[in-house]
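Hi,

Here is the structure I said I'd pass on. Have a look first, and then read on for what turned up in it.

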Amino acid sequence: MVPPTEAPARPARKRKTRGEGQWALGYREPLNANERSKKDDNPLNVRQRIETIYAHGGFDSIDPADLRGRFRWWGLYTQRAPGIPGARTGTIEPEELDDRYFMLRVRIDGGALTTEQLRTIGEISQTYARDTADITDRQNIQLHWVRVEDMPTIWQKLEGVGLSTTEACGDCPRVVLGSPVAGIAADEIIDATPAIAEIAERFIGDRSLSNLPRKFKSAISGSPRWDTVPEINDISLVGVVHPEHGPGFDLWVGGGLSTNPKLAVRLGAWVPLGEVAEVWQAVVQIFRDYGYRRLRHRARLKFLLADWGPEKFRQVLEDEYLGRKLVDGPAPETPTGHRDHVGVHPQVDGNFYVGAKSAAGRVSGSTLVEVAKAAERVGSRRIRTTVEQNLLVLDVPQSEVDGLVADLGALGLQADPSPWRRNVLACTGIEFCKLAIVETKERAIALVDELEQRLADIQGDVTDPVTINLNGCPNACARTQVADIGLKGQMVPDGNGNQVEGFQVHLGGGLGQDAGFGRKIRGHKVTSAELGDYVERLVRNYLAQRGTGERFAQWVARAEEDDLK
């Protein structure tokens, strides 16, 4: 019997790889809802509709695609409607969460303001925003309760003093962080002010860069304190001295927090001041062209950098976008101690600057007006915001320092705060934010008051910062993963079977010397009401168990779990 002939084996079918939505590789379809909206109409065009249609027709006249999308390119988000509990966040339709009022973000590149500009923001707040104002940890100022009907007048007033809301939000290059003491600090490596100004002038509002896969965060500082949190931005240029070429910047890319935190990576390239804007533009273009657009949760530069690695990223930057090689450079020295510029400090010109701590970023329009007046009374015309939600007054004569400190203190801005007040940070929270689950601002302020009473006996023993960051949801706007005590808002059980506002705890995160993400304590959550008890217990355990010179993050890394609960 002749055996049957075996059929030839079929070649394995090659699986078609699914694109990540990268324009440079030809993946432009299919589009998710966000990408479709941007393709249908450049979001920068919405300003004309706001001024000519929506400001006259009111909230009900706004197209939903503009309301929940393109408005952001002009600094506008709808507020959370009052009375909706955190347990319903993410479970109801967007229109149910929308209030008829807006949060307005004023863009402040480099954190640089004149007293006239600060006063103008304050007066706008008093007239159009129910006297609200928050200093953000991105150096901006946010107002609330803004009506669309008032936006043309608000823009006219802001732009009349050189301010803008252009691309303060949205999938675009957002505010460029800068050292609040640029040009005046004695220890400054290089003044980045010209580069930040060039970027703002040339590229903010540039339509070729206004449709990115998602937001793009920048930081440029010549301070050795790393006072713009360079470790967690999409692009950071960090001051460093090249042994042959002198002062310039070390180039980092791919940092970011949210639900997939990653620290920025050095490319090993040194950039002179005059080339910063060009290199910045090229990195933004890489993100625009190669960034992942198919899935929104992967549409940040950090994911591209993680897949490519720093060597390939630098090669593409040099070969495809700059057309030249960058100079190899040294790493900057990691800073120690405080970065926040709080207190009274000498300037290079013989004057002083005064750094004052806000209450978790919460101020008011009236406070901003009074700060401007107080600064002008001592002969200053320059104000700075910081990434720690603080305000600085520059150019203060020595003879006027004590009077200014007293005036700021009367406004709730302390130049010599307790360790707890100095090192607390809070996001917007459920009061105004549609993504939030818990209250943060007022809880942070109350927590500081509690700790100042509870820990008064050991306050002098806290020689290193113990940072406490409160965030209303998992998105980490308040940098929870890189705080000593990071508190991520969520609903938690209270022991009686009720779901109440509380926090998941991250411990021992940090930047600089302790760069890394906080340790989650298995199954450990704290109700908002128990927060004071918990932080007191934690700090006392740290002070009792720490070794000589041991920082909080170092102690957390070796502590027993029972001592962290």
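One thing before the details: this is a predicted model, so please read everything below in that light.

I'll start with a salt bridge. Glu29 pairs with Arg36, and their closest N and O atoms are 3.7 Å apart. Neither partner is buried, because the cut-off for that is under 20% relative accessible area. Glu29 comes out at 47% relative accessibility, so it is partly exposed, and Arg36 is partly exposed too, at 35%.

Now for a pair in another setting. Asp171 makes a salt bridge with Lys38, with 2.8 Å between the closest N and O atoms. This one ties together distant parts of the chain: Lys38 belongs to helix 1 (residues 33-40), while Asp171 lies in the loop between helix 6 (151-160) and strand 6 (173-178), and the two are 133 residues apart. Are the partners buried or exposed? Asp171 is buried, with a relative accessible area of 5%, and Lys38 is buried as well, at 6%.

Arg479 and Asp137 are worth a look too. They form a salt bridge in which the closest N and O atoms are 3.6 Å apart. Here the link runs between two loops: Arg479 is in the one between strand 18 (468-471) and strand 19 (485-493), and Asp137 is in the one between strand 4 (132-135) and strand 5 (141-146). That puts the partners 342 residues apart along the chain. Arg479 counts as buried at 8% relative accessibility, and Asp137 is buried with a relative accessible area of 10%.

How many salt bridges does a search of the whole structure find? The total is 50. Some residues join up into a network of salt bridges, made of Arg443, Glu450, Arg454, Asp457, Asp533, Glu536 and Arg540.

On to the nonpolar side. In soluble globular proteins, nonpolar side chains tend to be buried together. In this model, the largest nonpolar core has 53 residues. Which of them have the most contacts inside it? They are Ile50, Phe71, Phe102, Ile121 and Ile141. Helix 11 (residues 365-377) is the element that gives the most to this core, contributing five residues. Apart from that core lies another one of 41 residues, including Val253, Leu301, Val316 and Tyr321.

If you open just a few views, I'd go for the Asp171 and Lys38 pair, the Arg479 and Asp137 pair and the 53-residue core.

Cheers

Methods: Residues are numbered from 1 along each chain as its sequence is written. This is a predicted model: local features need pLDDT of at least 70, side-chain atom pairs count only at pLDDT 80 or more; totals for chains, interfaces and linings use all residues. Side-chain values use heavy atoms; hydrogens and water are left out. A nonpolar core is a set of buried Ala, Val, Leu, Ile, Met, Phe, Trp, Tyr and Cys residues joined through side-chain atoms within 4.5 Å. Buried means under 20% relative accessible area, exposed over 50%, partly exposed in between (1.4 Å probe, protein chains only). Helices (H or I, at least four residues) and strands (E, at least two) are DSSP runs, numbered from the N terminus. A salt bridge is a side-chain nitrogen of Lys or Arg within 4 Å of a carboxyl oxygen of Asp or Glu.
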